[in-house]
Amino acid sequence: MIFKFEPIYKERIWGGSMFATSLNRSISPHLKIGESWDVCDREESSVVLNSGSKGRTLRNLIEEDAHSLLGPRWKKNEKFPLLVKWLDCSERLSLQVHPPLPVAKKLNGQPKTENWYVASSSSDAALFAGLKRGTTKEDFVNAINNQSLEQHCHKVSSEAGDSLLVQSGRVHAIDAGNLILEIQQNSDTTYRVFDWGRRGLDGKFRELHVEESLQSIDFEDFEPTVTKTSKELGIFIITQCDEFRIRKFNADAKAVIKLKPKYQDCSIIHAVSGEVAIHGTRLLKGEHGLSPYSECCDIVCKERTTFLVTDRFI
């Protein structure tokens, strides 16, 4: 058994129509949808789409049987530890940072380490992550004042299959033209340091958090490397950090992958291309399945397919 959830859509000034065109989702073309929160346990909680729990929320599942879903150490009042999103970055996002734990405590925020997996990108798409080598905090502050921050930020071109870990403290932005699967700690604390002079959906300049950003940014974080993930058949670890592990599976049609036995980890399967079936439940491109701790998970590939698996987050 796996759980599939109904997406929670968020309109953003930088959003577009890629969820409809690339993920075959039914969304009004008049809305600028930038985020799809697909596995979420916050003020809004994801609603189950399948199984005997259809209509229940992820919060309901945890409160009713946290041990079965997440393992014996989990308590029913604890939030699900991850937030899984799709990002339609049709336009450039703000330059921002998430606070490391010591700073987050001081600022009444939450740390947020996240990973970006690029599902598709335009020919000129790019990512901003970290600083150009040699940039000092003084350089950065001066650049804020004279609107020249871009020249101090590390920018790399992006293409489908790229993966980048954005740890708390890393200044970052996603440039226009990227469709990204974001897997992150369950936090929504973001400090915008620069927004390229853009106005929000209400026509007003969006709020900036310059002082909080300067306290949060790691000014020794220079020119991080993007992981170019493999397109060959096989299983590849693309991210491993304290907060989670992400593996990429490239498999042929009719392959059967025994992902885990019962009572071993809660895992999330993310369909990137092709179609898989898990105990009779189909996962199509862009969909996710949550395999509980108490259940085994066998994945049958209906065609040549790529999917990611996130685990070790408990």
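Which residue in β14 is the bridge partner of Asp-162? In this predicted model, the partner turns out to be Lys-228. The bridge belongs to a pairing between β10 and strand β14 (residues 227-228), which run in the antiparallel sense over two bridges.

Strand β10 itself spans residues 162-166 and is mostly covered, with four of its five residues buried. β10 also pairs with strand β7 (residues 114-121), again in the antiparallel sense, this time over four bridges. Within that pairing, Ser-163 of β10 is the bridge partner of Tyr-117. Strand β10 thus has pairings with β7 and with β14.

Turning to the interior, it helps to recall that in soluble globular proteins nonpolar side chains tend to be buried together. Here, the largest nonpolar core holds 34 residues, and Phe-80 and Leu-290 have the most contacts inside it. Two or more residues of this core come from each of α1 (18-23), β3 (33-39), α2 (58-70), β5 (82-89), β12 (178-185) and β18 (267-273). Helix α2 gives the most, with six residues.

The surroundings of Leu-290 can be followed residue by residue. With neighbours within four places in sequence left aside, Leu-290 is in contact with Met-1, Ile-2, Phe-3 and Phe-5, with Leu-58 and Leu-69, with Phe-80, and with Cys-266, Ser-267 and Ile-268. A second core, separate from the largest one, comprises 17 residues, among them Leu-131, Leu-149, Val-171 and Ala-173.

Key
Residues are numbered from 1 along each chain as its sequence is written. This is a predicted model: local features need pLDDT of at least 70, side-chain atom pairs count only at pLDDT 80 or more; totals for chains, interfaces and linings use all residues. Side-chain values use heavy atoms; hydrogens and water are left out. Buried means under 20% relative accessible area, exposed over 50%, partly exposed in between (1.4 Å probe, protein chains only). Two strands pair if DSSP finds at least two bridges between them. A nonpolar core is a set of buried Ala, Val, Leu, Ile, Met, Phe, Trp, Tyr and Cys residues joined through side-chain atoms within 4.5 Å. Contact means heavy atoms within 4.5 Å.
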